[in-house]
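Me: I have a structure open and want to go through one helix and the core with you. Can we start with the helix?

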Amino acid sequence: MNYQQTLDWLFAQLPMYQREGQAAYKANLDNTLKLDEHFGHPHRQFKTIHIAGTNGKGSVSHMLASILQEAGYKTGLYTSPHLKDFRERIKINGEMIPEEYVIGFVEQNQEVFTAVKPSFFEMTVAMAFKYFADAEVDIAVIEVGLGGRLDSTNIITPLVSVITNISFDHMALLGNTLPEIATEKAGIIKPGIPAIIGAKDSAYDFVFEKKARECNAPLTFASEEWQITNNQKGTYDAATSKGSILSDIECGLKGFYQRKNIPAVLEAAFTLQSCGLAIYEQDIREGISKVISNTGLHGRWEQLAEHPYTICDTGHNIDGLTEITNQLRTCTYRELHFVIGMVNDKDVDSVLRILPPDARYYFCKASIPRAMDEKLLARKAAVHGLQGEIYPTVAEAYAAARKQAAAEDMIYIGGSTFVVAEVL
């Protein structure tokens, strides 16, 4: 098989949450443990950092990987989902896993995949761990796919566990209250392993405190250790609770919401120092600044054009889109053109309720089975006073927005990771 045939085989054979949703989710680690044993427990051959959370885990994972690269470590990075190429999920020092490795891994192991019947995600985790072991990485940053407790990545024993934040998403699988969701995320906290929580919140912080006590794990709330402020230079100043200051931190990711992620990144970096890793202040500064060039991260308040000013962002739940709408209010434009598509298993009405009512909307449907029908999305939006046109594809919606937007207008593309993926 060539690379495309290999991917076609995987998509046809293995249930994929990215496309199918809840039906593809495996709520246990049975298959993961079978594959891990088959491949000889590759994750034990390198150090790891584990990242969970509702929003921000991708950005935090990429910033930490970038810092480790700047510090001279051969760094693996496992994230999901991908935007354009499956290989984005598995990188070493910012370079995607080679097509030849993907082909060989699938061809050599079709028999075990047929026997175990893993999900697409379970197979991908096994591939990532095997690739990192074969390449002899020094350390790998591992992002949870969904939840934490029962996620396929949760067989690792990391140097540090990081949970970025908790908000409402994937409620059908993780629970309908913030404490229930936090309990699933808290599943990555391991005995004796330092745990960093991005934000302290009385709605759920007791869940992490209880889990940390049970595991005798040192627990830190990054928002209590670091105060992040914007300065007039457009950079961040970070002050610790102990009084020291890191000034003029330039973040390569321009979404205002990154101010909530940076405390977790800084606390994790300094915790890794205490674990014996040689990470210096300059590595931290350069890693945060050069995250895009070092790791290839895309889709976080990413500018696609200047005139009209065009931004895409993968934020797709109520908290993520609240941050985005707040940032949109700070932008200067004559008219806002909003290209939007969503998936069926999100709390669509809550999101639509907060979107700017004076924008011109382009309702569309990403080409995945989970995508909400564009006509239904438009009807739901109308209830909340949002008006626009309907397009059967993302490409047609984006083309229409570009045609109708004047140079002094703004185009925003989002609502779903998959809408952004198709535009990119």
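Reply: A definition comes first: the expected span of a helix is 1.5 Å times one less than its number of residues. Also, this is a predicted model.

Me: ok, so what span should helix α5 have, and how far apart are its end C-alpha atoms?

Reply: Helix α5 covers residues 99-116, which is 18 residues, so at 1.5 Å a residue it should span 26 Å. Its end C-alpha atoms are 24 Å apart, which agrees.

Me: where does α5 bend?

Reply: At N109, by about 65°. N109 is also among the buried residues of α5.

Me: which others are buried in α5?

Reply: Y101, V102, I103, G104, F105, V106, V112, F113 and V116.

Me: and what do the buried residues of α5 pack against?

Reply: Against α1 (3-13), α3 (30-38) and α6 (120-134).

Me: what happens just after α5?

Reply: K117 takes a positive phi there, of about 55°.

Me: switching to the core. how many residues are in the largest nonpolar one?

Reply: It has 39 residues. L10, Y78, I90, F105, M127, F129 and F132 have the most contacts inside it.

Me: which elements give two or more residues to this core?

Reply: α1, β3 (90-92), α5, α6 and β5 (139-143). α6 gives the most, with eleven residues.

Me: why would nonpolar side chains be together like that?

Reply: In soluble globular proteins, nonpolar side chains tend to be buried together.

Me: back to Y78, what does Y78 touch?

Reply: Leaving out residues up to four places away in sequence, Y78 touches several, including I90, F121, F132 and V141.

Conventions
Residues are numbered from 1 along each chain as its sequence is written. This is a predicted model: local features need pLDDT of at least 70, side-chain atom pairs count only at pLDDT 80 or more; totals for chains, interfaces and linings use all residues. Side-chain values use heavy atoms; hydrogens and water are left out. Helices (H or I, at least four residues) and strands (E, at least two) are DSSP runs, numbered from the N terminus. The bend at a residue is the angle between axes fitted to the seven residues ending there and the seven starting there. Buried means under 20% relative accessible area, exposed over 50%, partly exposed in between (1.4 Å probe, protein chains only). Contact means heavy atoms within 4.5 Å. A nonpolar core is a set of buried Ala, Val, Leu, Ile, Met, Phe, Trp, Tyr and Cys residues joined through side-chain atoms within 4.5 Å.
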